[in-house]
Amino acid sequence: MGLTEENMSRKAIERGMDFGRDQGEPLVALMGNPNVGKSTIFNCLTKMNQHTGNWPGKTVSIASGQFTYKGKLYRITDLPGTYSLLGRSAEEEVAVDFLRYGKAECVVIVCDATCLERNLIQVLQVMELTDRIIVCVNLLDEAEKKHIEIDLSRLERELGVPVIGTSASNGTGVEKLQSTVRQMVEGFCVCRPKRVSEMEEDASLHSMCKERHLWEADAAAPLFVHRAEQLAAMVSNGAGGYTAREARIDRILTGRRTALPILFAMLLVVFWITIVGANYPSSMLQTLFDWIGGWMRKAAVAASLPWWLQGVLLDGIWATVARVVAVMLPPMAIFFPLFTLLEDLGFLPRIAYVLDHRFSKCGACGKQALSMCMGFGCNAAGVIGCRIIDSARERLIAILTNALVPCNGRFPALIMLITIFLSQHHGAPMTALLLAGFVVLSVVVTFAASWLLHKTVLRGTPTSFVLELPPFRKPKVGEVLVRSFLDRTFFVLKRAVLVAAPAGFVLWCVSNIAVGDTTLMLWLAGILEPMGRIMGMSGVVLLAFILGFPANELILPIILMILGGGTVISGEVGHDAARTILMQAGWGRETALCTILFFLFHWPCSTTCLTIYKETRSLKWTLWSIFLPTAVGVLLCVGVHLLI
Amino acid sequence: MKQYVGMDELQIGEEGVVHRIELCGTFQRRIQDLGLIHGTTVQCIHQSPCGDPIAYLIRGAIIAMRNSDAKHIIVQVGGELCGPDRREYESKSN
């Protein structure tokens with residue numbers, strides 16, 4: 001199998017070492033258990049001066065940023081959340097490798113004040129490895145709500161390292177954290193960590209320490225747990241526990257009868273908001289671009305540019321970019337922040353919890369539900385997210401099936417096709433319902449494909465599954481929405497320029513280069529026509545899917561470009577223009593249905609393929625990940641075509 | 001009355017103290033890092049729709065575990081809920 005622990009770890013080390021200093025600024029590493037608000041602290045410190053991932057929140061790869069304090073620049077690295085230091089999963093290895101070889105000037109361990117005891121276990125383990133530790137007890141505001149008090153100065157005395165209390169969600173204590181980091185980096189702060197290995201009098205354990213680090217020995221693990229228990233009892237008046245309110249929410253959200261209907265309703269609401277919200281900005285953008293396009297055309301004529309240059313620039317590049325942005329940006333920029341919000345609420349792990357039983361029946365891991373949800377945002381992010389799955393076999397199942405759920409780049413096309421052909425007389429709620437139906441279909445196919453892989457090429461027994469269900473946290477709605485909206489807008493715009501512009505160029509070329517008495521495009525479409533017919537579509541649509549390989553957002557604009565002859569139909573905007581073009585090309589419900597199905601199930605985009613190759617380091621599995629969804633799509637389309 | 005059962009057999013709301021962990025390797029280490037060792041109190045708090053996995057309250061955090069794993073963690077229910085090892089350790093360190 002291509003996905004061995006060995007090459008995962010080699011990659012992990014490379015990744016860990018990537019974030020060496022650029023200009024010799026001090027390096028600060030941020031670590032801690034998952035769900036302790038590490039990323040919030042990171043955002044607080046860096047104030048958006050960072051590389052944001054495609055899927056915010058869940059840190060699966062190392063994020064790096066900078067902050068300036070008192071005129072000095074610090075580089076800060078957000079390590080993946082881990083429970084342990086004994087690198088058995090890829091992300092734990094990243095964290096340990098970083099501690100050992102990254103030579104951070106300072107390690108900040110973030111703890112959850114409502115669950116201090118468990119968090120201290122890791123603090124004690126990290127103290128075995130390094131002196132330069134700052135313990136940051138976060139979520140103090142939440143602890144206060146649960147009537148938990150923590151004696152920070154006592155904890156500092158008992159641990160022998162600086163302890164800072166913060167509530168990152170409102171910024172309390174972050175300034176103090178920065179000044180402590182500064183003191184530690186400049187050597188004004190001497191730590192004498194009270195290590196468990198030094199406190200233990202047991203001779204047999206001492207001999208164990210000589211050979212390896214104490215924390216690595218399985219037999220020694222209970223010592224850390226006992227010490228953490230002892231410390232927590234000294235400094236805090238109890239753990240958060242499980243409030244009656246949380247229990248009530250969980251009973252409804254993950255209850256026997258209510259869990260799946262609520263999941264479906266949640267999808268419905270998210271889609272409905274996306275569909276309704278996207279209409280208006282979409283047509284506004286289209287009008288704006290039409291106006292700019294007309295103006296540029298006049299300018300081009302006035303400057304008497306040669307016909308081919310006009311064609312490449314305006315009919316090729318500009319028209320494609322404008323379509324991608326106008327049609328695809330608004331739904332993407334609305335859907336993505338909504339999903340981020342669900343993640344921040346602590347809802348996604350509960351989906352994994354509810355669906356785990358079904359996944360285990362398919363020989364897969366419940367955490368696949370999480371990577372699947374990330375896939376709704378972006379399949380490439382979903383594939384990277386599969387790292388949270390420990391077993392190599394289950395991880396591979398999750399990677400190969402990830403592209404079976406529609407990503408953010410495919411939703412706008414699905415919405416448009418459903419609106420035009422399937423729900424034209426029933427309005428937005430019906431569109432949302434149908435879209436949710438298609439998403440449920442994609443999830444069902446994911447289960448079926450996982451089961452098939454489990455029974456054929458990836459046989460094996462399901463392994464163990466442990467998942468923490470984080471407490472429900474009220475996300476900072478405004479900030480999350482604005483930030484991920486801006487992120488997404490920026491991301492789509494960047495991609496539109498990088499991917500759509502070259503695609504527009506290629507598109508113009510193939511539609512203008514002559515082969516015999518026809519154009520290259522029609523010639524290619526002619527070759528694909530029989531295949532397209534069998535699948536209930538046409539050669540043009542298949543060609544668009546192939547040309548749209550760089551990005552799924554391109555496919556529908558390309559179809560419209562080819563069928564509409566690249567001309568902008570004045571007076572009609574958004575869905576109306578698309579409807580006219582598609583109706584004129586003779587599309588019916590069957591064509592639309594087959595196209596929708598093929599949208600759901602076809603090869604992953606180039607970025608995702610590349611990511612799969614990077615994650616599996618295997619051409620074989622990358623080809624499998626292309627073959628699997630394509631086979632599903634072809635079979636379904638042919639089936640629909642034969643039945644209707 | 002003391003009784004020893006698999007952790008998956010705890011009723012919702014019922015507490016138990018870990019008596020023995022019949023697991024080894026990675027998984028044992030993983031649950032140790034969550035603070036689940038001999039003498040730890042666990043409480044079953046919730047069942048997922050299919051009754052598997054089950055969510056437990058362990059040291060203030062909610063942890064979901066499959067029944068096939070949880071049955072290897074033997075807990076003591078009833079009687080005085082305090083692990084002997086823990087008392088011993090506390091008396092030693094005080």
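Visitor: What area is buried between chain B and chain A, and how much of it do carbon and sulfur atoms give?

Guide: This is a predicted model, by the way. About 3900 Å² is buried between the two chains, with carbon and sulfur atoms giving 55% of that. On the chain B side, B:Arg29, B:Arg59 and B:Arg66 lose the most area to chain A, together 20% of what that side buries.

Visitor: What makes B:Arg59 and A:Glu229 a salt bridge?

Guide: Their side chains meet at 2.8 Å, N to O. The cut-off is 4 Å between a side-chain nitrogen of Lys or Arg and a carboxyl oxygen of Asp or Glu, so the pair qualifies. The count between chain B and chain A is three salt bridges. For polar contacts, the interface has 13 residue pairs, both partners at pLDDT 80 or more.

Visitor: Which element of chain B supplies the largest share of the side that touches chain A?

Guide: That's H1(B), with eight residues. Other elements supplying at least two residues each include strand S3 (41-47) and helix H3 (84-93) of chain B. By type, that side of chain B divides into 17 nonpolar, ten polar and eleven charged residues.

Visitor: Why are strand S7 of chain A and S5(B) said to pair?

Guide: Pairing needs at least two bridges, and S7 (residues 466-468) and S5(B) have three, so they count as paired, in the antiparallel sense. In S5(B), B:Met65 is the bridge partner of A:Val466.

Visitor: How many residues does the contact take from each chain?

Guide: Chain B gives 38 residues and chain A gives 52.

How values were computed. Residues numbered from 1 in each chain as written. Chains lettered and ligands numbered in written order. Predicted model: local features only at pLDDT ≥ 70, side-chain atom pairs only at ≥ 80, totals over all residues. Heavy atoms only, no water. Contact = heavy atoms within 4.5 Å. Buried area = accessible area lost by both parts, 1.4 Å probe. Polar contact = N/O pair within 3.5 Å; in protein donor to acceptor, adjacent residues only side chain to side chain. Helix = DSSP H or I, 4+ residues; strand = E, 2+ residues; numbered from the N terminus. Nonpolar A, V, L, I, M, F, W, Y, C, P; charged D, E, K, R; others polar.
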